[in-house]
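Hi,

Here is the model I said I would pass on. Have a look at it first, then read my notes underneath.

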Amino acid sequence: MRALVSPADQLLRGVGLFDPDALLERSVWLLPLFILAFSPIYGAFMGSYNFVRPDRVLQIVYSAAKMPILLFGTAAVCLPAFFVLNTVLGLRNDLREALQAILAGQAG
């Protein structure tokens, strides 16, 4: 458990692998892995609002399953327009850093 919490703490503090200057050392799949690991927990907490009857358990499960789909789905829908806008503004070389910043915001 500590091995999973330590990188999450580093992400929230912006140190270690998540220092803005350490972009090249970070694995590309680390932030999406955090989103897949922690967004269902967040969704379950959102779905547990007004949990007064046992039949509301299905709402918790539904919200936990929906949250990663929501985050990755909105990123996938917005990514083409974001790419075109970066290209038009001449920022295509910084696209990897911008995508890492978007994923870090979602993972945080």
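Below is what I found in it, going through the helices, the pocket and a few single residues.

Some ground rules first. This is a predicted model, so local features were kept at pLDDT of at least 70 and side-chain atom pairs at pLDDT 80 or more, while totals for chains, interfaces and linings use all residues. Residue numbers start from 1 along each chain as its sequence is written, and side-chain values use heavy atoms, with hydrogens and water left out.

Helices here are DSSP runs of H or I with at least four residues, numbered from the N terminus. Let me begin with helix 1, residues 2-13, where Arg13 and Asp9 sit 4 residues apart, about one turn of the helix. These two form a salt bridge, with 2.9 Å between the closest N and O atoms. The term means a side-chain nitrogen of Lys or Arg within 4 Å of a carboxyl oxygen of Asp or Glu. The structure has 1 such salt bridge. In general, side chains of opposite charge can pair when their charged atoms come close. As for accessibility, Arg13 is exposed at 60% relative accessible area, and Asp9 is partly exposed at 34%. The cut-offs are under 20% for buried, over 50% for exposed and partly exposed in between, with a 1.4 Å probe and protein chains only.

Next, helix 2, residues 30-47. Its 18 residues should span 26 Å at 1.5 Å a residue, and the end C-alpha atoms are indeed 26 Å apart. The expected span is 1.5 Å times one less than the number of residues. There is a kink of about 30 degrees at Phe38, shortly before the proline Pro40. That bend is the angle between axes fitted to the seven residues ending at a residue and the seven starting there. Buried residues in helix 2 include Leu30, Leu31, Ile35 and Gly43. Phe34, also in helix 2, counts as buried at 3% relative accessibility. Its C-alpha lies 9.2 Å from that of Ala104, although Phe34 and Ala104 are 70 residues apart in sequence.

The loop between helix 2 and helix 3 holds Pro54, which is exposed at 71%. Pro54 and Leu70 are 16 residues apart in sequence, with 26 Å between their C-alpha atoms. Val61 and Phe45 are 16 residues apart along the chain too, but their C-alpha atoms are separated by 9.9 Å. Val61 is in helix 3 and is partly exposed at 49%.

Helix 3 itself has 32 residues and reaches 47 Å from its first C-alpha to its last, close to the 46 Å expected. A kink of about 40 degrees lies at Leu79, shortly before the proline Pro80. Among the buried residues of helix 3 are Ile60, Met67, Leu71 and Asn86. Phe82, also placed in helix 3, counts as partly exposed at 25%. The C-alpha atoms of Phe82 and Ser6 are 31 Å apart, with their positions 76 residues apart along the chain.

Now the pocket, probably your main interest. How much space lies in the largest pocket? About 380 Å³. Of its 16 lining residues, the closest to the centre are Ala75, Leu79, Leu99, Ile102 and Leu103. Leu79 is thus both the site of the helix 3 kink and one of these central lining residues. For the method, a pocket is an open set of points on a 1 Å grid over the protein atoms alone, where a 1.4 Å probe fits, with protein on both sides within 12 Å along at least five of seven lines; lining residues have an atom within 4 Å of a point. Grid points are joined across faces, edges and corners, and the volume is the space filled by probe spheres set on them. Helix 3 (57-88) and helix 4 (95-107) each supply at least two lining residues, and helix 3 gives the most, with 7. By class, the lining has 12 nonpolar, 3 polar and 1 charged residues.

Cheers

Technical notes. Ala, Val, Leu, Ile, Met, Phe, Trp, Tyr, Cys and Pro count as nonpolar, Asp, Glu, Lys and Arg as charged, and the others, Gly among them, as polar.
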